[in-house]
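Subject: Structure handover

Dear colleague,

I am passing on the structure below, and my notes on what was found in it follow directly after. Please read them with the model open beside you.

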Amino acid sequence: MHPCGGINALIFPIKMNRDIIVGVIGSGAMGAGIAQVAAVAGHQVVLYDTNAAALEKAKTSLSATLQKLQEKGKLESAEEVLARFTFAGELSAFTHCGLIIEAIVEKLEIKKSVFAEVEKIVGPGCVLASNTSSLSITSIAAACGKASRVLGLHFFNPAPVMALVEVIPAVQTDEALVGAAVDLMRAWGKVPVVAKDTPGFIVNRVARPFYSEAIRIYEEGVADMATIDWAMTELGGFRMGPFTLMDYIGHDVNYVVTETVFTSFFFDPRYKPSFSQKRLLEAGWLGRKTGRGFYNYAEGAVQPEPNRDVALGNEIKERILAMLINEAVDALHLNIASAKDLDLAMTKGVNYPKGLLQWCDDWGADKCLARLDSLYNDYHEDRYRASILLRKKVDGGEKFS
Ligand SMILES: NC(=O)c1ccc[n+]([C@@H]2O[C@H](COP(=O)([O-])OP(=O)(O)OC[C@H]3O[C@@H](n4cnc5c(N)ncnc54)[C@H](O)[C@@H]3O)[C@@H](O)[C@H]2O)c1
């Protein structure tokens, strides 16, 4: 056996915090952001990309970002942090890394082959993580000889700003590695939550009704987009309404996540994508970045005014909120994460004004259940089925917190 082999060797370096060299694969939006977080936390960082232009771009923008942070007094020395970086075009630069985080294109076969290649280069104690948003960590780990060293570390965009990191053990992951990864993320100033390796993990699963129920309400003609956005921001306290947010994220990303979650859940109708959004994608109306999405962002375009009818607004808000709460409750029921982590994920990952389980307690589980049951009775669609856990809480008069 290799002198560094065995479980302890796997855990030891990650606990050493600043002493391990962190490798990042892919220097795009996420990879560059994650590399910045690790370097600011004190690690030597190797940032690798097959595309030399992407690597050069990351180098320039990292330098400018760190400089700005220094000017704002948020960083002592940009130069010192920059000096911790190695920009590499060869995988061999990862030889001495203790942790590698992959943030390349979202394609399973490509990720698997990169993990298999990386494993040939690194030592046996090196932990391998993927930042995938939607792929199975278990499938990625299966490409490795030592699958117990693989886990998901899902950062949110922009990684240096968003506090949440979902820590996702694969079926094969060494259990002790999860705690070590949580500790490391805390040392990086992040808020880690642990999620089961299921489609969408926590945030991308639980948040689906924010988009899909809003679109459904719009498609049925209950209200227009501006009114739904107004209801969710003004009455619901969300920072952005669903249509504004989908346009901001981009339909190429948001629609694809919905479709991936839907197919990965064996076509559960609760996650069904919409034709309205699919057509936008087909038209190339991707949102803000193309100047047109649900809204028109062309200069001089007149934005629609909401109908500020509070009764209608509350009806919209409660319908979407009931669907969101139901999703969070069902995730708890299925042990996707703890109640605490489920609430942390939504407040720290997507800036919800309140954790959904807390919101259920504050609103009243009975009211939430009544809303869902009324939708179910009206539509006779499985989409509106209430989680058994919500029903049990109401029957037992219990709260989530
Ligand atoms: N963008 C987001 O909001 C977001 C949020 C969380 C997670 N993610 C996930 O992070 C990953 C990266 O997303 P992104 O938005 O940073 O993508 P991106 O397109 O901005 O960057 C990907 C980078 O990876 C490089 N790359 C591609 N194949 C490679 C390979 N085989 N070896 C080395 N480098 C390679 C590309 O040159 C590019 O620079 C994806 O898995 C995505 O699902 C994205």
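Strand 7 (residues 164–169) and strand 8 (residues 191–194) run parallel and are joined by four bridges, where helices (H or I, at least four residues) and strands (E, at least two) are DSSP runs numbered from the N terminus, and two strands pair if DSSP finds at least two bridges between them. Within this pair, V167 has V194 of strand 8 as its bridge partner, while E166 stands opposite V193 in strand 8.

Before going further, please note that this is a predicted model, in which local features need pLDDT of at least 70 and side-chain atom pairs count only at pLDDT 80 or more, whereas totals for chains, interfaces and linings use all residues. Residues are numbered from 1 along each chain as its sequence is written.

Together with helix 7 (residues 175–187), strand 7 and strand 8 make a right-handed β-α-β unit; right-handed here says that, with the strands pointing away from the viewer, the path from the first strand over the helix to the second runs clockwise. Helix 7 lies across strand 5 (127–130), strand 6 (150–155), strand 7 and strand 8, and runs at about 165° to strand 7. Helix 15 (residues 339–349) lies across strand 7 and strand 8, at about 135° to strand 8. For these angles, axes are lines fitted to C-alpha atoms, for helices over the stretch in contact, and the angles run from 0 to 180 degrees between N-to-C directions; two residues are in contact if their C-beta atoms, placed from the backbone, lie within 7 Å.

Strand 7 and strand 8 belong to an open sheet of eight strands with mixed pairing, in the order 3-2-1-4-5-6-7-8. Strand 3 (85–88) and strand 8 stand at the edges with a single partner strand each, so one side of each is left without a neighbour in the sheet. From one strand to the next, the twist averages 25°.

The protein is divided into domain 1 (6–194) and domain 2 (205–396), with bounds that come from an automatic or database domain assignment. Their C-alpha centres lie 31 Å apart, and 10 residues of domain 1 are in contact with eight residues of domain 2. On the side of domain 1 that touches domain 2, strand 7 and strand 8 are the elements that give two or more residues, and strand 8 gives the most, with three.

Best regards
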